[in-house]
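Subject: Handing over a structure

Hello,

I am passing on the structure you asked to look at, together with some notes to help you find your way around. Please open it alongside this message and follow along.

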Amino acid sequence: MKRACLAFAVILGAFVSLSAHAQTYPNRSVRIVVPFAPGGAVDSVARIVGQKMSESLGQPVVIENKAGAGGNLAADTVARAAPDGYTILLTTNGHAISPSIYRTLPFDVMKDFIPVTQLIESPLLLVASNQLPVNSLKDLVALAKEKPGSLNYGSTGVGNPLHLSMEMLKKATGMAIAAVPYRGDAPLNTALITGEVQLAIVPVATGRANVENKLVKGLAVTTAQRSKALPDLPTVAEQGVPGFDTGSWQGFFVPANTPRDIVQRLYQETKKAMGTPDVRERLKVFVAEPVASSPEVFAQKFKDDVAKYTKIVKDANIPMQN
């Protein structure tokens, strides 16, 4: 009986401690860990949103860049951090891809993190060299089937969202298109403009200007809805591939066991920041749509994406990476 009472007292004490902690949260600076170097799109979003959150939280929000290992270094840092709301991971849908691409991970994406909110969503563009005699996705599918194995596309890395989106499109349309590797967006876009490579799926932020200036052809948007940046460009789904919907997103995660009321506080503060006119205006530079979904909605989306990317990797026979 004494042991049972003692155990109950310990549990009650821990609950009271967590509740008291949540009521005083935050009482010091909050750290957002970003898996990429300073100056990029993800880092910029972290600084835009973090600055606004700092104003309402009443505490500094510090950005810590931990680039490396395809985003897994930053994720591991957060997975090992105290579950107290003072360490947040801002990452991309690459986090949902990791389990299907890497042989081993030092963390479990489903068990070691709590999804807080999806901040933004960005569509991707299917673009073609001006030298390729197609003007729509339907034209491309017809050409690919007329001349199987004759087409190629530029890829900037095995297993990243751009690569897997193209593999998803190939599977959905029955096209056979060979990948040509490039070291980054800049050399890939140059190759598209010169006709060195025929096709690619690129972020709207980096591909929009080339489409508008007619340096390349825009064939389709990969998300379910058209992009506000290129409203005349039809989606993949509109061109005969119903249900096709893939893009790029960024979201907040915290370590597992972070108290629910702290997760909710972070969500509400993020939602408030994302709703301000100045933040929304600054996000337009990245052609990003604010989302600010609830923890429950984001958790379901993340779970669905892990399953989706696992299937894509399996269907495309993409080898596991070390």
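Before the first finding, one definition: the axes mentioned below are lines fitted to C-alpha atoms, for helices over the stretch in contact, and the angles between their N-to-C directions run from 0 to 180 degrees. Please also keep in mind that this is a predicted model.

Let's start with helix α4 and its partner α11. Their axes, from residues 94-101 and residues 295-315, come within 8 Å and cross at roughly 45°. That angle makes α4 oblique to α11, and the crossing of the two is right-handed. If you would like to see who meets whom, look on the α4 side for His95, Ala96, Ile97, Ser100 and Ile101, and on the α11 side for Phe302, Asp305, Val306, Tyr309, Thr310 and Val313. Sorted by class, this contact of α4 with α11 has 7 nonpolar, 3 polar and 1 charged residues.

How many of the residues of α4 are buried? The count is 6 of the 8, so α4 is largely enclosed by the rest of the structure. The buried ones are His95, Ala96, Ile97, Ser98, Ser100 and Ile101. They pack against α3, β3 (87-92), β4 (113-129), α6 (161-173), β9 and α11.

A second helix pair to look at is α2 (residues 41-57) with α9, whose axes come within 9 Å and cross at roughly 115°. Here too α2 passes α9 in a right-handed crossing. From α2, the residues Val49, Lys52, Met53, Ser56 and Leu57 meet Arg265, Leu266, Glu269, Thr270, Lys272, Ala273 and Met274 of α9. By class, the contact of α2 with α9 has 6 nonpolar, 2 polar and 4 charged residues.

Now for the interior. The largest nonpolar core has 46 residues, and the ones with the most contacts inside it are Leu126, Leu132, Leu137, Leu140, Leu169 and Leu199. Helix α11 turns up again here, as it supplies the largest share of this core, 6 residues. Take Leu169 as an example: setting aside neighbours within four places in sequence, Leu169 is in contact with Leu126, Leu137, Met175, Val236 and Phe244. There is also a second, separate core of 32 residues, which includes Ala46, Ile48, Val49 and Val254.

Finally, a few spots in the loops are worth a visit:

- Pro26 sits in the loop between α1 (2-24) and β1 (30-34). The peptide bond leading to Pro26 from Tyr25 is cis, with omega near -10°.
- Ala69 belongs to the loop between β2 (61-65) and α3 (72-79). Its phi is near 55°, a positive value in a residue other than glycine.
- Asn257 is in the loop between β9 (247-255) and α9 (260-274). This residue is not a glycine either, yet Asn257 has a positive phi of about 75°. Because its relative accessibility is 68%, and over 50% is the cut-off, Asn257 counts as exposed.
- Lys214 is placed in the loop between α8 (204-212) and β8 (216-221). With 66% relative accessibility, Lys214 counts as exposed as well. The C-alpha atoms of Lys214 and Asn130 are separated by 8.2 Å, while the two residues are 84 residues apart along the chain.

Enjoy looking around, and do write back with any questions.

Best wishes

Methods. Residues are numbered from 1 along each chain as its sequence is written. This is a predicted model: local features need pLDDT of at least 70, side-chain atom pairs count only at pLDDT 80 or more; totals for chains, interfaces and linings use all residues. Side-chain values use heavy atoms; hydrogens and water are left out. Helices (H or I, at least four residues) and strands (E, at least two) are DSSP runs, numbered from the N terminus. Angles under 35 degrees count as roughly parallel, over 145 as roughly antiparallel, 65 to 115 as roughly perpendicular and the rest as oblique. A crossing is left-handed if the near helix is turned anticlockwise from the far one by less than a right angle, and right-handed if clockwise. Contact means heavy atoms within 4.5 Å. Ala, Val, Leu, Ile, Met, Phe, Trp, Tyr, Cys and Pro count as nonpolar, Asp, Glu, Lys and Arg as charged, and the others, Gly among them, as polar. A nonpolar core is a set of buried Ala, Val, Leu, Ile, Met, Phe, Trp, Tyr and Cys residues joined through side-chain atoms within 4.5 Å. Buried means under 20% relative accessible area, exposed over 50%, partly exposed in between (1.4 Å probe, protein chains only).
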